[in-house]
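Student: I would like to go through this model with you. Could we begin with the backbone and then move on to the interior?
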Amino acid sequence: MKIVSWNVRGIGSGKKRGVIKENLLKMRPDFVVLQETKKEILEEKLVGSLWKARNRSWVALPAEGRSGGIIIIWDVRGVRVQNSLVGRFSVSIEVEEGDGSWWFTGVYGPNDYKERKEFWEELYGLHTICGPKWCLGGDFNVVRFCHEKYPLGRRTRSVRQFDELIRELELKDLALQNASFTWSNFRETPVKCRLDRFLFIEEWGAGKSDIRQETGSRTCSDHMPLILDTSPVSWGPTPFRLENMWLGHSSFRQECEKWWRVIEVEGWESYKIMEKLRALKEYIKVWNKKIFGDTRIIKKEVVDKIDEIDKKEENRQLGDGERELRVRLRNQLEEIIFKEMVAWRQKMKFRWIKEWDYNSAMFHRMVSYWRNKNVINRIIREDELVLTDQREIVNEIVSFYENLYKETSTGWWDFEEITWGSISVERAEWLERPFEEEEIKKAVFGCDREKSPGPDGFTGGFFQDC
């Protein structure tokens, strides 16, 4: 999901709308919220000149004269909106997602202190209405910290109130990835502030692998467009990763043994094992699609069937077949939830939690934490140049390790005044002796089953069970 928030300072000019449209084409958001439209009436033709999506819909807060105004526009093919709310300083939409929904609020904060008090009250009220899955963003017209203004500003009453609101509502406030400020007055000695931001409740972010907040190009306004992106960073094809929940299936071990016998590779033993494991992955991928499919879809279908039988029972007595079907469906649901738990437990990397002793929300939060921690959004080169472009990051990493492991000189290591000792012949022979089967078994079965897969994608649990 990608959301763009932008204070565009008016959409009356056709040329300006063309620039806005060009920027949105590059950013490719799922929906966009624009502040300061300065339009009391919005028509289809005008909205169409802002965003190219044909199947679009929108909800707007009209401007008051020549000031204010908010519009949220979305592509109905990718975003399903169930409800909407229009306040004095905000526009909110309820977005359908999976089995539930979440709320997004686009805001434009006032400059007047008395009106700002009403703005805070509106946000407190929306927090109650929108519930735990809530994200909001826009131009708040106030900074949260003194260092978010240059030259350094003082901690005013509005700054304190904004900070208190974020803390009281337990909103997450992510750092900007590629900028410090979002607004400038463009003077010779400019005043710069971070007036625009996205905030969200932790439960909204649970389960999202990577959440990034960054700015776009400031092309037609004194505000930068702000981008909230929850889609995973694409580093190329997703590598194979064995899920430990597959090991619990009754047919998995037998199928692996059958595939292993079918795969034939010529060469020395280590090479044969490596190539057979590589070929085995393709068999496992096909098996997974056939047996497991998408567990979320299957789980929803099972729950819907159980609900259907329960509704029938309200009006009449169930037959023997229907009662037996409900028992089988409940057992199937229990099995699906257990498999999900095994998968989340593996991804969360917590080995002290016992089976069935888990909290799904905590699992999602911890997985999001580990994924966010492992994401590379920027790197600093040796010449202190900061790289944020994904392609440049990939090229720099490849170049670094190519040079790191490249032999730059020939000969032995030589350090001044250090005498290198040599091991005995007996010790050398012991180190070079062939591995014993018992040694290998001890090493394999000493591994933690829940540890992350190795470079080949197979976990310790796979080698222990298969």
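Tutor: Certainly; please keep in mind that this is a predicted model. Pro 151 sits in the loop between strand S9 (149-150) and H4.

Student: What is the peptide bond from Tyr 150 to Pro 151, cis or trans?
Tutor: That bond is cis, with omega near -5 degrees.

Student: Which residue in the loop between strand S2 (31-35) and helix H2 (44-48) has a positive phi although it is not a glycine?
Tutor: Glu 36, which belongs to that loop, has a phi of about 55 degrees. Lys 38 is also placed in the loop between S2 and H2, and its phi is near 55 degrees, again a positive value in a residue other than glycine.

Student: Is Glu 36 buried or exposed?
Tutor: Glu 36 is buried, because its relative accessible area is 6%, under the 20% cut-off. Lys 38 has 24% relative accessibility and therefore counts as partly exposed.

Student: Changing topic: where does Lys 16 lie?
Tutor: Lys 16 is part of helix H1 (residues 14-27). This lysine is buried and has no salt bridge.

Student: How far away is the nearest side chain of opposite charge?
Tutor: That side chain belongs to Asp 222, 7.6 Å from Lys 16. The side chain of Lys 16 does reach the backbone oxygen of Val 8, at 2.6 Å. Leaving aside residues up to four places away in sequence, Lys 16 touches Val 8, Arg 9, Gly 10 and Cys 220.

Student: Now the interior. How many residues does the largest nonpolar core have?
Tutor: It has 24 residues, and those with the most contacts inside it are Leu 123, Trp 134, Leu 136, Phe 140 and Leu 171. Strand S7 (100-108), helix H3 (113-130), strand S8 (134-139), helix H4 (157-168) and strand S13 (196-201) each give two or more residues to this core. The largest share, five residues, comes from H3.

Student: What does Phe 140 touch, not counting residues up to four places away in sequence?
Tutor: Its contacts are Val 107, Gly 109, Phe 119, Leu 123, Phe 162, Leu 195, Arg 197 and Leu 199. Another core, of 23 residues, lies apart from the largest one and includes Ile 93, Tyr 108, Phe 200 and Ile 211.

Student: Where is confidence lowest, and where is it highest?
Tutor: Confidence is lowest in helix H10 (residues 360-374), at a mean of 58, and highest in S8, at 97. Over residues 351-358 the pLDDT is below 50, although this stretch has 18 contacts in the model beyond near neighbours in sequence. Where pLDDT is low, the predicted coordinates should not be read in detail. For the protein chain, the mean pLDDT is 84, and 87% of its residues reach 70 or more.

Terms used. Residues numbered from 1 in each chain as written. Predicted model: local features only at pLDDT ≥ 70, side-chain atom pairs only at ≥ 80, totals over all residues. Heavy atoms only, no water. Helix = DSSP H or I, 4+ residues; strand = E, 2+ residues; numbered from the N terminus. Buried < 20%, exposed > 50% of the residue type's maximum accessible area, 1.4 Å probe, protein only. Lys, Arg positive; Asp, Glu negative; His and termini not counted. Salt bridge = Lys/Arg side-chain N within 4 Å of Asp/Glu carboxyl O. Polar contact = N/O pair within 3.5 Å; in protein donor to acceptor, adjacent residues only side chain to side chain. Contact = heavy atoms within 4.5 Å. Core = buried A, V, L, I, M, F, W, Y, C linked by side-chain atoms within 4.5 Å. pLDDT = per-residue confidence, 0-100.
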